[in-house]
Number of protein chains: 2
Amino acid sequence: MQRRITLAHGSGGEAQEELIRELFLPAYSNEMLRPLTDSAICRAGEKIAMTTDSFVVKPLFFPGGDIGRLSISGTVNDLAVSGACPRYISVGMIIEAGFRMDSLARIVESMAGTAKEAGVYIVTGDTKVVEGGAADGIFINTAGIGLFTDGREPLAQKIAPGDRIIVSGAIASHGMAVMAARENLDFKPPIESDVAPVAAMVEKVLQQDGVINAMRDPTRGGVAATLNEWVGPDTDIIIDGQSLPVRADVAAACAILGMDPLYIANEGAVLLSVPHRYADTVLQALHSADLGRSAAIIGEVKKGRGNLYLLTEYGTHRKITMPRGELLPRIC
Amino acid sequence: MQRRITLAHGSGGEAQEELIRELFLPAYSNEMLRPLTDSAICRAGEKIAMTTDSFVVKPLFFPGGDIGRLSISGTVNDLAVSGACPRYISVGMIIEAGFRMDSLARIVESMAGTAKEAGVYIVTGDTKVVEGGAADGIFINTAGIGLFTDGREPLAQKIAPGDRIIVSGAIASHGMAVMAARENLDFKPPIESDVAPVAAMVEKVLQQDGVINAMRDPTRGGVAATLNEWVGPDTDIIIDGQSLPVRADVAAACAILGMDPLYIANEGAVLLSVPHRYADTVLQALHSADLGRSAAIIGEVKKGRGNLYLLTEYGTHRKITMPRGELLPRIC
C-alpha cells in the first residue's frame, strides 16, 4: 500500500521520530543536525546574514526543479546576494495528511542534493501535519544564515549614475516553467526552470577585483520589481530590450500568453549594478561560472527622476512600473 | 468594508510592499529589519544556536494567547533551553486569500509584543498568499538565532543518576486551552494557555551557581515525550504523580476528556535535570522568576533500563511510554 503522511507524523511522538530518523537525518546528515536537539549549535562569526522564505509553489514538481530545490535555492540566493557566504539552513515543513510518502522522499532528496551543491548544511527542522484539506500538499519554509568573510556588502544605496546593470543569465524561465506545468500548456520540449543556488557564481564575482554596488536575485515580480526598487529619487535606469537574454521557448510562451518576461520570476539569476569601469571584469567572472555563461549587460543607471525605462526595438522609451495586482500566484 | 488579504499581498508587487511598510515594519521596527534587504545583517559571535518551528494552531486566538504569541515564544524557548541567549527571529507567513486584515494586524501586534517581552528582534520575513481553501487561515514559521555568552550547554547526555527532575510551572495548560477553545468546551472561566517566552526565567537559572545537566521545553508530546527522550539505556526516570503541578481547571478538563496531563503540550514551561546538590539552588532561581513561581521537583533519575515511571498515589509504578498516534493535532 502507498505510504502516506498521517497526523501522527507531526505530533511529536513515535511516528514523527521515525520520520526524522529514517528520512530526514540520513538525507541531510551533518554533525550540527545529528544531535536532534531543539536548536542546532553552529560556528559563526562577528557578523551574519539571516533570511527566510516560504515556498508554496504549485505544482510541487515542474520541469527543471521542484519545491525542494526551490526552497534551498531561494534562501541560499538571498544570502549570497547580500554578500554573505551561505552556511546554515533550517527547514520547516507543513504537510497535509494523506500526502504521499514517496513524494516527500523525493522532495527531501532534492533538498539534500541542492544543499550539497550550494555548500550549506541543513542544521535544524520542524514538521507539522495538518488534516486533509487544511493545506495544499506541502508548504516549506527555509531560513538561512550566511557568514561574512570580509567587509563587502552590496547595497542598493550604493547604486550611482554610470553603473551598468548586468543580469547573470536568461530571464523569466522559472515563472514560465511553473506556469506552463500548472496550466498544462503543452510546450515540447517543456520549458525548464532556472532554479539553482547561485552561491558559487556569486562567490566568483565577489572574488574578482571589480566592485559590485548592488546585487539581487529577481524572484517574485521579476527584473521589473528589482530594478524599480533600485531607482533612486535622482536616478533612472534604462534597460535595452535588445540585450535582455530570454530563451526562445520562454519568449514564445510569454508572447502566446501575453506576458512580459520582465515581470516573470527567476530563481537562478542575479542582477548586479556595477560601476562602468568594472563591468567587463564582473561580466568575465560571471561567464566563468556554469550559471553565468549567458550573462549580459542589459542597461545603465543615469541621472533622472526615479523611473525605470525599457529602450524598445523602435528606439522609444517605455516606462516599466512596479508590478501590480496578482502577478502569478504560487510561483515560489 | 472589511479589508482582507488578497493574492496580490503575496506577489512581490505594490500591495505586498504596502503591507510590509504599513503593518510589519512599524510593528517590528528595528535597525536590522528596516533596510528591507533580502537578508538581515546581524551581530553574532563565534558560536550560535539556530532553530525553527512552524505554527498551525487552531483556533488562531485562544484564551491566554494566539498564534502570534505562540510563534515567537516557541522559537525563543527552543533557543533558551539550548543555553543560548535568544536574539534574532525570522518570520515566514503563509496566508489564505480572504483572511481578515484586522486579524492579521492583531497577530502582528501580538508577535511584536511577545518579541519585546522576550528581548528578541524580528529581523527578516517573508509573506506568501495562497488562494482561498489552499491553507487554513494563516500558518506562521519562525526561525531563531541565539548567541552563547559562555560555555554552558545543557545536554540530555549529561543527565546522570541522582539528578532531580524539575518543572518550572503547572503543566498541560496550553494543550487543554487550545483543545477547549477548538471544541467549544464551556469551561468558566476559560482555561488559559501558559504560552510565554521563558528566556528571562532561563536566564535567571543560568546565572545562578548551580549546574544544569539538561533543559527542555515540553511542547508537543508533553512532559512524557521529553522525559522519555531523556532516559538513557542505563537509567530510569521516576516522577511522583503527587508532586506534579497541574492547575485545578486543567486537571478537571483532563479528567472529563480522559486525557493524561503528562502528554499535553506546554508552551511556557521548562523541564530541567539537575544534579541533586544543585536542585534547591535551581528551584530558588526559578521561584524568583514570574513564570517559575510554582516550579517543583517532580522526580529523579536512577540507574535502570531506559524507562520512565510514574509513582502513583497508590505507591505503584506505572510505565509512561512515548506518546503514540495522533495526540492532539494543531496544538501549536
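What rotation, and what shift along its axis, superposes chain A on chain B? In this predicted model, the operation is a rotation of 180° accompanied by 0.0 Å of shift along the axis, and the RMSD of the superposition is 0.0 Å. The two copies are therefore related as by a two-fold rotation axis. The contact surface follows this arrangement: 100% of the contact residues of chain A recur in chain B, and the same surface thus serves both copies.

The description may now turn to the single chain. Chain A contains 8 helices and 14 strands. Its C-alpha atoms occupy a box of roughly 65 × 50 × 35 Å along the principal axes. The radius of gyration of chain A is 21 Å; because a compact globule of 332 residues would have a value near 20 Å, the two agree.

The internal organisation can be described through burial and contacts. Of the 332 residues of chain A, 61% count as buried, where buried denotes under 20% relative accessible area. When contacts in chain A are restricted to residues at least 6 apart in sequence, 85% of them join residues at least 24 apart.

The surface and the charges complete the account. Chain A has an accessible surface of about 12700 Å², and carbon and sulfur atoms contribute 50% of that area. Chain A also carries 31 positive and 39 negative charges, and the mean positions of these two sets lie 3 Å apart.

Technical notes
Residues numbered from 1 in each chain as written. Chains lettered and ligands numbered in written order. Predicted model: local features only at pLDDT ≥ 70, side-chain atom pairs only at ≥ 80, totals over all residues. Heavy atoms only, no water. Helix = DSSP H or I, 4+ residues; strand = E, 2+ residues; numbered from the N terminus. Rg over C-alpha atoms; globule rule 2.2 N^0.38 Å. Buried < 20%, exposed > 50% of the residue type's maximum accessible area, 1.4 Å probe, protein only. Contact = heavy atoms within 4.5 Å. Areas by Shrake-Rupley, 256 points an atom, 1.4 Å probe, with all protein chains shown as cover. Lys, Arg positive; Asp, Glu negative; His and termini not counted. Charge placed at Lys NZ, Arg CZ, Asp CG, Glu CD. Least-squares fit on C-alpha atoms with pLDDT ≥ 70 in both.
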